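User: Could you walk me through this model, pocket and packing included? I'd like the cut-offs spelled out as we go.

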Amino acid sequence: MKIKNFIKSIFLTVITFLLFFNSAEAKEFQTTENQMRNFLAVHSLVVEKGSDIHFYEGKGVRPVITYLEHNNFRNAYVGDRCIGKASALLLVYGKAKKVYTPLISKPAIKVFEEYKVEYFADVVVDNIKNSDGTDLCPMEKKVQDIDSPKKAYKLLRNI
């Protein structure tokens, strides 16, 4: 009888552990894609890291660079309003794990796929344009021939 209860106890413990482990793994990040979309309607950059969510403001790649000056994106879920190749290289440099954006360029997708960063986007465009839509974004021009995240960071950090 004692052995039967002991085995039953071990079985229940293992099942409880597996259920907890699987649910914790399935819910890696607290923020859903829809919540991230709502945050980006108000903020330029959203970073969920651990149990903390931080919001940043600014134009272009500046919020990403500002964040990288003091932190990294290691194991973070990052939301950015617009991601071109420049932002993608910076997010890879900072070791982002997952990224959501309403607008992404094909060169940014190539970067994320090469470095195996999980990404979600609402709209895919050929390239990110400048503010008046007449040419490529200046940051995209700067990294057009760069494939190294480290080189991109060194080039863009002083903009």
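Here are some questions and answers on the pocket, the cores and the aromatic pairs.

Analyst: A quick note before we start: this is a predicted model, where local features need pLDDT of at least 70, side-chain atom pairs count only at pLDDT 80 or more, and totals for chains, interfaces and linings use all residues. Residues are numbered from 1 along each chain as its sequence is written, and side-chain values use heavy atoms, with hydrogens and water left out.

User: Which residues lie closest to the centre of the largest pocket?

Analyst: A pocket here is an open set of points on a 1 Å grid over the protein atoms alone, where a 1.4 Å probe fits, with protein on both sides within 12 Å along at least five of seven lines; lining residues have an atom within 4 Å of a point. The largest one has a volume of about 440 Å³, taken as the space filled by probe spheres set on points joined across faces, edges and corners. Of its 20 lining residues, the closest to the centre are Lys59, Gly60, Val61, Cys82 and Cys137.

User: Which helix gives the largest share of that lining?

Analyst: Helices are DSSP runs (H or I, at least four residues), strands are E runs of at least two, and both are numbered from the N terminus. Three lining residues come from one helix, the largest share, and that helix is α6 (residues 138-143).

User: Is Met139 buried or exposed?

Analyst: Met139 is found in helix α6 and touches Val61, Ala86, Leu156 and Ile159, not counting residues up to four places away in sequence; contact means heavy atoms within 4.5 Å. Buried means under 20% relative accessible area, exposed over 50% and partly exposed in between (1.4 Å probe, protein chains only). Since its relative accessible area is 14%, Met139 is buried.

User: Which element gives the largest share of the largest nonpolar core?

Analyst: Such a core is a set of buried Ala, Val, Leu, Ile, Met, Phe, Trp, Tyr and Cys residues joined through side-chain atoms within 4.5 Å. Of its 33 residues, Phe73, Ile83, Leu90, Leu91 and Phe112 touch the most other members. The largest share, six residues, comes from α4.

User: How many aromatic pairs are there, and what is the angle between the planes of Phe29 and Tyr77?

Analyst: Rings of Phe, Tyr and Trp (its six-membered ring) pair if their centres lie within 6.5 Å; planes under 30 degrees apart count as stacked, over 60 as edge-to-face and the rest as tilted. The count comes to six pairs. Phe29 and Tyr77 form a tilted one, 5.4 Å centre to centre, with the planes at 50°.
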